Amino acid sequence: MAAALRAIITPIEAALSGPYKKLLTPSLTQFGLRYEDLLIEEDRSVEEALSLTDKDVFTTRTRRAKRAIDLSFKKKDLSVYAPNMAQAPYKTELMEDIEKLQARDAEFVAMNNYLN
């Protein structure tokens with residue numbers, strides 16, 4: 001059942017991901033954010049990945065969030081303050097760790113279900 005559902009959803013997801021990225025990229029670059037900065041920190045796997053990551057990654061994520069809040073409050077774009085700044089809105093630093101933690105949690109649940 002899950003494989004059949006995945007077979008239906010995967011092509012739809014692939015078709016919609018391109019236009020979604022094109023729609024989201026201007027908003028991310030306007031404030032100097034990355035897609036990973038939009039992840040909710042209260043999510044258990046995101047919270048754990050942030051606690052395990054390098055201090056510099058956490059610090060730069062926090063600085064980007066504060067800068068975005070400041071730019072939003074001032075109703076300005078990042079291009080006004082840093083016109084030549086190279087941005088990579090889809091660069092990943094946490095996703096690999098988050099995926100590993102989610103796989104670990106899924107394995108833990110599967111093993112507990114098997115034992116019961």
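**Figure 1. Surroundings of glutamate 36 in the predicted model.** In this predicted model, glutamate 36 touches Arg61, Lys91, Thr92, Glu93, Leu94 and Met95, when residues up to four places away in sequence are not counted. Glutamate 36 itself is placed in the loop between helix 1 and helix 2. Although glutamate 36 is buried, this residue has no salt bridge, and the nearest side chain of opposite charge, that of arginine 34, is 5.8 Å away; because a salt bridge requires the nitrogen and the carboxyl oxygen to be within 4 Å, a separation of 5.8 Å does not qualify.

**Figure 2. Arginine 34 and its salt bridge with glutamate 93.** Arginine 34, which lies in the loop between helix 1 and helix 2, is buried, with a relative accessible area of 15%. Its side chain and that of glutamate 93 meet in a salt bridge, with an N to O distance of 3.2 Å. Glutamate 93 belongs to the loop between helix 4 and helix 5 (95-115), whereas arginine 34 belongs to the loop between helix 1 and helix 2, so the pair ties together parts that are 59 residues apart in sequence. Unlike its buried partner, glutamate 93 is partly exposed, with a relative accessible area of 28%. Leaving aside residues up to four places away in sequence, arginine 34 touches Leu28, Arg64, Ala88, Pro89, Lys91 and Glu93.

**Figure 3. The salt bridge between arginine 44 and aspartate 105.** The side chains of arginine 44 and aspartate 105 meet in a salt bridge at 3.4 Å, taken from N to O. This pair links distant parts of the chain, with arginine 44 in helix 2 and aspartate 105 in helix 5, 61 residues apart. Arginine 44 is exposed, with a relative accessible area of 54%.

**Figure 4. A salt bridge within helix 5, and a network of salt bridges.** Glutamate 96 forms a salt bridge with lysine 100, in which the closest N and O atoms are 3.3 Å apart. Both residues lie in helix 5, four residues apart, which corresponds to about one turn of the helix, and both glutamate 96 and lysine 100 are exposed. Elsewhere, Arg44, Glu48, Arg104 and Asp105 are joined into one network by salt bridges that share partners. The structure holds eight salt bridges.

**Figure 5. The buried and exposed sides of helix 3.** Helix 3 (residues 55-74) has 20 residues, which at 1.5 Å a residue should span 28 Å, and the 29 Å between its end C-alpha atoms agrees with that expectation. The buried residues of helix 3 are Val57, Arg61, Arg64, Ala68 and Leu71. These buried residues cover an arc of only 95 degrees around the axis, which puts them on the same side of helix 3. They pack against helix 1 (2-31), helix 2 (44-52) and helix 4 (78-81), while on the other side of helix 3 Lys55, Asp56, Arg63, Lys66, Ile69 and Phe73 are exposed. Just after helix 3, lysine 75 takes a positive phi of about 55 degrees.

**Figure 6. Confidence along the protein chain.** The protein chain averages a pLDDT of 91, and 97% of the residues score at least 70. In this chain, confidence is highest in helix 3, at a mean of 95, and lowest in helix 4, at 88. Where pLDDT is low, the predicted coordinates should not be read in detail.

Technical notes: Residues numbered from 1 in each chain as written. Predicted model: local features only at pLDDT ≥ 70, side-chain atom pairs only at ≥ 80, totals over all residues. Heavy atoms only, no water. Helix = DSSP H or I, 4+ residues; strand = E, 2+ residues; numbered from the N terminus. Expected span 1.5 Å × (residues − 1). Buried < 20%, exposed > 50% of the residue type's maximum accessible area, 1.4 Å probe, protein only. Arc of directions from axis to C-beta. Contact = heavy atoms within 4.5 Å. pLDDT = per-residue confidence, 0-100. Lys, Arg positive; Asp, Glu negative; His and termini not counted.
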